[in-house]
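I opened this entry to keep a record of what I looked up. I went from the whole chain to its sheets, and then to the ligands.

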Amino acid sequence: MYELKEKEMIFVFTGPNGAGRRTVADMSGSTLGVKQVISYTTRPPRANEVDGQDYHFLKPAQFFQAQQNGEFLEISEIDGNLYGVKSRDIEERFRSKGSIYLILNRYGAQKLKELYGDHVVRIFIYADRRLVEQRFREKGYNEEQIAGFMSHFDEEMAYKDECEHAFENIDLAHTVFDLTKTLDKYLERNLLDLD
Ligand SMILES: Nc1nc2c(ncn2[C@@H]2O[C@H](COP(=O)(O)OP(=O)(O)O)[C@@H](O)[C@H]2O)c(=O)[nH]1
Ligand SMILES: Nc1ncnc2c1ncn2[C@@H]1O[C@H](COP(=O)(O)OP(=O)(O)O)[C@@H](O)[C@H]1O
């Protein structure tokens, strides 16, 4: 396993689907120059999803081959699809860019914490169940699709108290402001004087 240097941080965004993890992570990440390590998945891409940007989309046989080669740091099976992070991608990011972030379910977050200890900061992003459902409805998803997205809500919410930080994402600008301030403290850059 790659040995981390002093100030290299791994920010793991976790919490229920649809709470806004990707949105807030991307916004704070781009402000602070912290880059995402993108997961691999066998889930088919949704409309608007771009290979290499949202996920690296793999056919099951390609995923299994990489798994057999020992390329994954961790793997989760979610609703019949496989998701995983490659060790090499984490190492490459560190060599070139410093700190990184990932968006993982609670099991991936836990695994990274076990592997990298104090270098991992788990950021739990959440919102009320009805608010999340309403946002999915506004995006045009039908009730069956929404039920699928919400199927792990309680399981993921139960991880909140184990995370180093939790942000209720009601107002987007407010969440991103608080989050960016928190991440900046870990990076010890003092780039932002937000108080
Ligand atoms: N453990 C683990 N979880 C992941 C990985 N990649 C994505 N996830 C999480 O697995 C869930 C996948 O559900 P999906 O409906 O595909 O969510 P979305 O892609 O975040 O809209 C989400 O909670 C993701 O954040 C990974 O590599 N490892
Ligand atoms: N504070 C917010 N208010 C309203 N809509 C939001 C807010 N945060 C995120 N969203 C929207 O909610 C949807 C889900 O956000 P996303 O970042 O994809 O969630 P996650 O990564 O947790 O599944 C997106 O359409 C996003 O634009």
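The entries below follow the order in which I looked things up.

**Entry 1. Confidence and overall dimensions**

I note at the start that this is a predicted model. I looked up the confidence and found an average pLDDT of 93 for the chain, with 93% of the residues scoring at least 70. For the complex, the predictor gives an ipTM of 0.95 and a pTM of 0.94.

I then checked the dimensions. The radius of gyration of the chain is 17 Å, which agrees with the value near 16 Å for a compact globule of 195 residues. Along the principal axes, the C-alpha atoms fill a box of roughly 45 × 45 × 30 Å. I found that 28% of the 195 residues are buried. The secondary structure comes to 8 helices and 9 strands.

**Entry 2. The parallel sheet**

I traced an open sheet of 5 strands with parallel pairing, in the order β2-β7-β1-β8-β9. Its edge strands are β2 and β9 (165-168), and each of these pairs on one side only.

I took β1 (residues 10-14) next. Is this strand enclosed or open to the outside? I found 5 of its 5 residues buried, so β1 is largely enclosed by the rest of the structure. In a regular strand, side chains alternate between the two faces of the sheet. In β1, Ile 10, Val 12 and Thr 14 point one way, Phe 11 and Phe 13 point the other way, and all are buried.

I listed the partners of β1. With β7 (residues 100-103) it pairs in the parallel sense over 4 bridges, and Phe 13 has Ile 103 as its bridge partner in β7. With β8 it pairs in the parallel sense over 5 bridges, and there the partner of Ile 10 is Val 120. Further along, β8 (residues 120-126) is joined to β9 by 4 bridges, again running parallel. Ile 125 stands opposite Phe 167 in β9.

At the β2 edge I looked up Gln 36, which lies in that strand (residues 35-36). Gln 36 is partly exposed, having 19 other C-beta atoms within 10 Å; the cut-off for buried is 20 or more. I also checked its distance to Glu 156: the two are 120 residues apart in sequence and 21 Å apart in space, C-alpha to C-alpha.

**Entry 3. The mixed sheet and two loops**

I found an open sheet of 4 strands in the order β4-β3-β6-β5, and its pairing is mixed. β4 (56-57) and β5 stand at its edges with a single partner strand each, so one side of each has no neighbour in the sheet. β5 and β6 pair in the antiparallel sense over 6 bridges. One pair I noted is Phe 72 with its bridge partner Lys 86 in β6.

I looked for unusual backbone angles. Most residues other than glycine have a negative phi. Asn 48 has a positive phi, near 80°, and is found in the loop between β3 (40-41) and β4. Asn 48 counts as exposed, with 6 C-beta neighbours inside 10 Å. Asp 79 also has a positive phi, near 50°, and is found in the loop between β5 and β6. With 9 C-beta neighbours inside 10 Å, Asp 79 counts as exposed.

**Entry 4. Ligand 1**

Which residues come closest to ligand 1? I found Ser 39, Ser 76, Tyr 83, Leu 104 and Gly 108 closest, among 14 residues that surround it. The elements giving two or more residues to this shell are β5 (72-78), β6 (81-86) and α4 (106-116). By class the shell has 6 nonpolar, 6 polar and 2 charged residues.

I then asked where ligand 1 lies relative to the domains. Domain 1 (17-34 + 99-183) and domain 2 (39-97) both give residues to its shell, so ligand 1 lies between them.

**Entry 5. Ligand 2**

Ligand 2 has 14 residues around it, of which Gly 20, Arg 21, Arg 22, Thr 23 and Leu 172 come nearest. The elements that give two or more residues here are α1 (21-32) and α8 (172-187). α1 gives the most, with 3 residues. I sorted the shell by class and found 3 nonpolar, 6 polar and 5 charged residues.

Terms used: Residues are numbered from 1 along each chain as its sequence is written. Chains are lettered from A and ligands numbered from 1 in the order in which they are written. A residue is near a molecule or strand if its C-beta atom, placed from the backbone, lies within 6 Å of it. Ala, Val, Leu, Ile, Met, Phe, Trp, Tyr, Cys and Pro count as nonpolar, Asp, Glu, Lys and Arg as charged, and the others, Gly among them, as polar. Domain bounds come from an automatic or database domain assignment. pLDDT is the predictor's confidence in each residue, from 0 to 100. Two strands pair if DSSP finds at least two bridges between them. A residue is buried if 20 or more other C-beta atoms lie within 10 Å of its own, exposed if 12 or fewer, and partly exposed in between; C-beta atoms are placed from the backbone. The radius of gyration is taken over C-alpha atoms; the globule rule is 2.2 Å times the number of residues to the power 0.38.
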